Amino acid sequence: MLQLTLLTRTGATAMAAFAAAALALAHVGAAQDTAIPDPSALDATRPALSHPAISAETARARPAEEEPAPSAPADAAPKSPAVEALAPASEPHAGDAPAEGSGAADTPASADDIADIFSKLGDQIYEDCIFDLSEEQINVQAALILAYMDQGAESAVARRLAAIQIQAPKLSAKCEQMRRAPPPPADWTTTTEAQERPPEAPAPTAAKPPKPVVAAAPKVPVPELPPPVIALTGKQVPAQWDCADGVDYVTITLNGYRRKLTGGEICNPFEDVAREVPASAGNFRLGYSITNGRLFVISDNPAINGQTISWGLSGRDVCRNNPDPDCFAARAVGPLPPGEYAFAAEKKHRVSWGPKTKRQVAAIYLKTLSNKERFSPAHIAAIKKRGNIAIHVRLKGEMSEACIGLEPKGWAYVASLIKDGRATGLTVYIDEPHPQIAEAPPVIVASSFSLTSLFK
């Protein structure tokens, strides 16, 4: 009986060991199932489960299996910093949380930068458009009405004619589209009905104490400016800029100076000329001659040196392109002084918005005054006090004091040369330095204006 009991215990022990081995092999097969998805390969990888007795015994000894939760093996070695660095970006480290100020928090700043870029681009396009009359054109238009009425025109006729003759320049397609675009809404925020909240009642505010009464300061009379040291009495417009015989005109008075206008335009304006300089010419300086208004190339390359680029006037009324020393020293009417000029150091500032002229201008800075032997000490002192020297476009009826006023096409091309850095500076001469190659100034002599139009 004792021997039978021992044999029974020995058999039970063997059977338990055999069952444990089968269970272990079953776990090995399950692990291989995840690595090899082909169902036909499952039997080959689990030979121990092919025996029916073992399979039945294992089924009775093992409860229903539940899918275990994934966990990191206890004996897994920690990853080195190099391995962590090589981990894919899409696999975050366990337990890591997004830091504040990273990821989505940077998106609004990037959007603001993009919006700022487009805003500046829009401002640049807008500044290239001239929608309204300039201050000088408004003054010219008002003076024209008085001049026409002095010639016998009725007030309504004079006003209508002046309004037709003095207008803002024709807009390009882009500028016209901007002018017709509706204004943007005052508030760009939008909400849905579900997001809208009922208006909150205003918080009660304490009554503000009455403001103390302060007596108005007495107005100090502004002393009148002394008359200019340099007088232009008796000066005459150079003959080449005066109205030709047979051209009808009226004379207006602007800032104390007389100006002849025919059809709202000055006499003998320049033709709109823009002659391109070959790209192979490289960089060069601009040259300008006071006596004839010619803008040309200054270069060491003899093939392009002296080549005409455009034509522009400088000076107003009796001092238009007038080399008289008194004109160079006269404020508000004199041409720009002779000498060496520089553009702004940074390219983005070389052509910018001029708040006084309300258009794009290329500011120029006098570095060296030339032809000092032609000027008295009083002339030189007055010249040094002049400012607002620039190159810009000239509009109908305008003239340009201490600047170079170019016609629209000429200005557009010269501005591009300055913006791109091809034109590196400006040298202004009193007399034409290249008389052998300089053409006669291309002026528009004829005019369709007739004084009889005042009485129609």
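Is K235 buried, exposed or partly exposed? In this predicted model, K235 counts as partly exposed, because its relative accessibility is 23% and the partly exposed range runs between 20% and 50%. The views below take us from the whole chain to K235 and then to some other spots worth a look.

**View 1. The whole chain contains 11 helices and 13 strands.** Of its 456 residues, 33% count as buried. Take contacts between residues at least 6 apart in sequence: 70% of these join residues at least 24 apart. The chain exposes about 29700 Å², with carbon and sulfur atoms supplying 59% of that area. A search of the whole structure turns up 15 salt bridges, and the next three views each show one of them.

**View 2. K235 and D324 meet in a salt bridge through their side chains.** Here the N to O distance is 2.9 Å. Both partners sit in loops: D324 in the one between strand 6 (308-315) and helix 9 (325-328), and K235 in the one between helix 8 (173-180) and strand 1 (250-254). The pair links distant parts of the chain, 89 residues apart.

**View 3. R259 and E136 form a salt bridge between a strand and a helix.** Their side chains come to 3.0 Å, N to O. R259 belongs to strand 2 (residues 257-262) and E136 to helix 6 (residues 135-150), so the pair ties together parts that are 123 residues apart in sequence. Both R259 and E136 are buried. Look around them and you will meet R316 and D317, which are linked with E136 and R259 in a network of salt bridges.

**View 4. E265 pairs with R394 in a salt bridge.** The closest N and O atoms lie 3.0 Å apart. E265 is in strand 3 (residues 265-266), while R394 is in the loop between strand 11 (390-393) and strand 12 (400-406). In sequence the two are 129 residues apart. E265 counts as buried because its relative accessibility is 16%, and R394 is buried too, with a relative accessible area of 4%.

**View 5. Helix 11 spans residues 408-419.** From first C-alpha to last, its 12 residues reach 16 Å, close to the 16 Å expected at 1.5 Å a residue. The buried residues in helix 11 are G410, W411, Y413, V414, A415, L417 and I418. As you follow their spacing, keep in mind that an α-helix has 3.6 residues a turn, so residues three or four places apart point the same way. After helix 11 comes G421, with a positive phi near 85 degrees.

How values were computed. Residues numbered from 1 in each chain as written. Predicted model: local features only at pLDDT ≥ 70, side-chain atom pairs only at ≥ 80, totals over all residues. Heavy atoms only, no water. Helix = DSSP H or I, 4+ residues; strand = E, 2+ residues; numbered from the N terminus. Expected span 1.5 Å × (residues − 1). Buried < 20%, exposed > 50% of the residue type's maximum accessible area, 1.4 Å probe, protein only. Salt bridge = Lys/Arg side-chain N within 4 Å of Asp/Glu carboxyl O. Contact = heavy atoms within 4.5 Å. Areas by Shrake-Rupley, 256 points an atom, 1.4 Å probe, with all protein chains shown as cover.
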